[in-house]
Amino acid sequence: MKKKILIVDDEQSIVTLLTYNMENAGYETDVAFDGEEAISKAMANPYDLMILDLMLPEVDGLEVCKTLRQNKVHTPILILTAKEDEFDKILGLELGADDYITKPFSPREIVARVKAILRRVRQPIPEQYTAYEIGELVVYPDKYEATLAGEALAFTRKEFELLAYFAKHTGIVLSRDQLLAQVWDYDFAGDTRIVDVHVSRLRDKIEENSKKPLYLKTVHGLGYKMEEPTS
């Protein structure tokens, strides 16, 4: 069965471009031209992915993302944003979007991003679960669960995938490019800023003091490393 993608944008030219390229890549598509329509359709239909423009009439893309996540709609979201809107990119990720791409974009890149996201979300769950224990942090990659000092933690999908990758490679320095390739599954040069944003969000959730992290350390000039806390 073909994967179905909801394309949300109020510019007909963008919708036409995205529809053509998604269908040419083998996906089915549906379209919404404003935020209210996007919310209505996403709540009523099990889409495999949503391509969501942030600048929408009626209800903007950030509010769409927030509303869907509050209503437990976990459809992966790829947001479209203007190149200079750094704040909106970060806020979109914080509200639960899985990735972003800036306008103008190439058809090849957006198809690659969609394929990468869909590859990441269709992993089978095994009968026995693996657990990684780092200090008081316990990560269950196969269940998409983690606890800290026995308390359950809440993450967006991409935050958790990044945490799980760090947990699997505890003690190893991982560069931003490595993380982009392995967690975001990009086979082309991407924006490493997305890694920094997600690391910051992880620290807010797993560190007592995110400015002085005990678990997720910065290795200057190289990248990041998950460590057993020493204090």
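Tutor: Before we turn to this predicted model, one cut-off is needed: a residue is called buried when its relative accessible area is under 20%, exposed when that area is over 50%, and partly exposed in between.

Student: With that in hand, why is T156 called buried?

Tutor: T156 has a relative accessibility of 13%, and the limit for a buried residue is under 20%, so T156 counts as buried. The residue sits in the loop between β9 and α6 (157–168), and, leaving aside residues up to four places away in sequence, T156 touches L93, G96 and K205.

Student: What makes A146 buried or exposed?

Tutor: The relative accessibility of A146 is 3%; buried means under 20%, and A146 therefore counts as buried. This residue belongs to strand β8, and, with residues up to four places away in sequence not counted, the residues that A146 touches include V138, V139, F155, F160 and L163. The C-alpha atoms of A146 and A164 are separated by 9.0 Å, and these two residues stand 18 residues apart along the chain.

Student: Why is Y144 called partly exposed?

Tutor: Y144 has 37% relative accessibility, and because partly exposed covers what lies between the 20% limit for buried and the 50% limit for exposed, Y144 is placed in that class. Y144 is found in the loop between β7 and β8 (145–148), and its phi is near 55°, which is a positive value in a residue other than glycine.

Student: And how do you know which class A149 belongs to?

Tutor: The reasoning is as before: A149 has a relative accessible area of 49%, and exposed would require over 50%, so A149 is partly exposed. A149 lies in the loop between β8 and β9, and this residue has a positive phi of about 55° although it is not a glycine.

Student: What makes β6 and β9 edge strands?

Tutor: An edge strand here is one that pairs on one side only, and this holds for β6 (132–134) and for β9 (151–152). They belong to an open sheet of 4 strands, whose order is β6-β7-β8-β9 and whose pairing is antiparallel.

Student: How do you know that β6 and β7 pair?

Tutor: Two strands pair if at least two bridges are found between them, and 3 bridges join β6 to strand β7 (residues 137–140), with the two running antiparallel. One bridge can be named by its residues, since E133 has V138 in β7 as its partner.

Student: Which way do β1 and β2 run, and how many bridges join them?

Tutor: Strands β1 and β2 run parallel, and 5 bridges join them; in this pairing, V8 stands opposite A32 in β2.

Student: Why is β2 described as largely enclosed?

Tutor: Of the 5 residues of β2, 4 are buried, so β2 is largely enclosed by the rest of the structure.

Student: Which residues of helix α2 are buried, and how do you know on which side they lie?

Tutor: In α2, which spans residues 35–44, the buried residues are G35, A38, I39 and A42. They cover an arc of only 95° around the axis, and therefore they are on the same side of α2. Their cover includes β1 (4–8), β2 (28–32), β3 (49–53) and α3 (61–70). At the start of α2, a side-chain oxygen of D34 comes to within 3.1 Å of the backbone nitrogen of E36.

Student: What makes the peptide bond before P104 worth a remark?

Tutor: The peptide bond from K103 to P104 is cis, with omega near -5°, and P104 has its place in the loop between β5 (99–103) and α5 (107–121).

Student: How do you know whether the radius of gyration of the protein agrees with that of a compact globule?

Tutor: For 231 residues, a compact globule would have a radius of gyration near 17 Å, and the protein has 18 Å, which agrees. The C-alpha atoms fill a box of roughly 55 × 40 × 30 Å along the principal axes. Within the protein there are 8 helices and 11 strands, and 47% of the 231 residues count as buried. Among contacts between residues at least 6 apart in sequence, 56% join residues at least 24 apart.

Technical notes: Residues are numbered from 1 along each chain as its sequence is written. This is a predicted model: local features need pLDDT of at least 70, side-chain atom pairs count only at pLDDT 80 or more; totals for chains, interfaces and linings use all residues. Side-chain values use heavy atoms; hydrogens and water are left out. Buried means under 20% relative accessible area, exposed over 50%, partly exposed in between (1.4 Å probe, protein chains only). The arc is that of the directions from the helix axis to the C-beta atoms. Contact means heavy atoms within 4.5 Å. A polar contact is a pair of N or O atoms within 3.5 Å; within protein, one must be able to donate a hydrogen and the other to accept it, and residues adjacent in sequence count only if both atoms are side-chain atoms. The radius of gyration is taken over C-alpha atoms; the globule rule is 2.2 Å times the number of residues to the power 0.38.
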